[in-house]
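Please walk through the structure shown here, starting from one side chain and working outward to the core, a helix and the charged pairs.

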Amino acid sequence: MKIIIKYKQLFLFKLFLSLLPYFFISILIMNALGYRYSEIMIISAMTQIIGVILNLPLGIYAEQKNRKKVLLLNNILSIIAFTLFLFEKFYLAILAAVILGISEALSSGVMQTFSYEQFPDDVTYRKYLEGSSSIQYLAISVMTIITPAILHFNRFLPIIISVAFIVFSTIFLCFIKLEKREEKQEEKITINIRTLRKGLKVSSKLNLFILLGITVTTLIMSVNSWSSILLKYHYFPLKYLGLVLFTFNVCMAIGSRIKWKKLSIVMLLPLISILLFFTKSVFTTIVLFSIFRLINGGYNNFFIGEFNKLIKNKRVVFWSIYDTFLSLFSIFADLSSGIIAQNLTVEFIYLIFGLISLLILLIYLLARKNIYFRKIKNY
């Protein structure tokens, strides 16, 4: 807790951004504002498409700019976007979606890099992640329950609260003192596509880690996004769904305190996904989801910490590369999930994605061993 108090401005800046009601029930909010489901899908897709297109160009731009100013600009754009939603005009909602896409692309990589560079060393950073993540997941679990009630009270209120939270986040951002860690920096060079290609070719370990992150995160997003549908498919009473989602987020909070010692624990995630295909019991399904979220909470901190450690320079750019590929994989995963659920059953999403992830993770572990033995041989 001491470390949270020491870095309270950073913690509160990120906490308010993680609690925006809009992102918990965006489809329900858009529907309450009078948009048809087809229009909602267009609005959502527009944000994703803009994000994919601009992730890398804006990442390169942000790498060479002041991190704090970029995050301030990101918050201003988000406030403009959410304000446009209040006018209940479809063309303004499309404009808002485009601005949100620009905002997400602009902050891609900057948020993680900015946070990482506030700490003197990796050990302190990991301690902060463990403490802050557990509190954040608990706060999210509470927001998960109360956000539908907020929407029921007034259709504009979730948007207004989202804007207010961004304003609070911006205030705390302004009070953060820049304490960039001392690192061995390479000679400053112009960032271009040739430089990035060269950097990716040199670091096989980084390439593999990007593959790991994309694979596991895509699996996590797919498993979590379809969890309520799978519970409904198993005849779980929807009136208790909020309580179960609260439990899942509490598991994430507990999991964030787990210290990873072996990377092989990640293998449990696809195995649990496969088990969810075979189980027909609602109780077993909830237990498996809870274990999945527990591991998920620990994995998030592990991946963020290790990825930042592996990147020696151009950190924002490499986070942008990762986010770009992750966005592409997410779009593909969403489309595939819909096709699988439509033509087979929801359970098959868990089986197919689990098997694919398990195969890629095995390839990752074998490739990593080959790199290790090659290094020993060269010595």
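Start at Phe-82. Beyond its neighbours within four places in sequence, Phe-82 is in contact with Leu-20, Tyr-22, Phe-23, Leu-100, Ile-159, Ser-162, Val-163 and Ile-166. Keep in mind that this is a predicted model.

**The core**

Phe-82 also belongs to the largest nonpolar core, which has 113 residues. Phe-82 is listed there among the residues with the most contacts inside the core, together with Met-30, Phe-85, Phe-307 and Tyr-350. Helix 12 (residues 204-225) supplies the largest share of this core, 10 residues.

**Helix 7**

Leu-100, one of the contacts of Phe-82, is a buried residue of helix 7. Helix 7 covers residues 90-107, 18 residues in total. From first C-alpha to last, helix 7 reaches 26 Å, close to the 26 Å expected at 1.5 Å a residue. Its buried residues include Leu-92, Ile-94, Ile-99 and Leu-106. Gly-101, Ser-103 and Ser-107 are also among them. The buried residues of helix 7 pack against four helices: helix 3 (21-24), helix 5 (37-63), helix 6 (67-85) and helix 8 (110-116). Just after helix 7, Gly-109 takes a positive phi of about 90 degrees.

**Salt bridges**

How many salt bridges does the structure hold? There are six. The table gives three of them.

| Acidic residue | Basic residue | N to O distance |
|---|---|---|
| Glu-39 | Arg-36 | 3.4 Å |
| Glu-117 | Arg-67 | 3.1 Å |
| Glu-306 | Arg-126 | 3.5 Å |

Look at Glu-39 and Arg-36, which form a salt bridge. Is each partner buried or exposed? Glu-39 counts as buried because its relative accessibility is 13%, under the 20% cut-off. Arg-36 counts as exposed because its relative accessibility is 54%, over the 50% cut-off.

Now take Glu-117 and Arg-67, whose side chains meet in a salt bridge. This pair links distant parts of the chain, 50 residues apart. Glu-117 lies in the loop between helix 8 and helix 9 (122-153), and Arg-67 lies in helix 6. Glu-117 is buried, with a relative accessible area of 6%. Arg-67 is buried as well, at 12%.

Glu-306 and Arg-126 form a salt bridge too. This pair also links distant parts of the chain, 180 residues apart. Glu-306 sits in helix 16 (residues 282-310) and Arg-126 in helix 9. Arg-126 and Glu-306 are linked with Lys-309 in a network of salt bridges.

How values were computed:
Residues numbered from 1 in each chain as written. Predicted model: local features only at pLDDT ≥ 70, side-chain atom pairs only at ≥ 80, totals over all residues. Heavy atoms only, no water. Helix = DSSP H or I, 4+ residues; strand = E, 2+ residues; numbered from the N terminus. Expected span 1.5 Å × (residues − 1). Buried < 20%, exposed > 50% of the residue type's maximum accessible area, 1.4 Å probe, protein only. Contact = heavy atoms within 4.5 Å. Salt bridge = Lys/Arg side-chain N within 4 Å of Asp/Glu carboxyl O. Core = buried A, V, L, I, M, F, W, Y, C linked by side-chain atoms within 4.5 Å.
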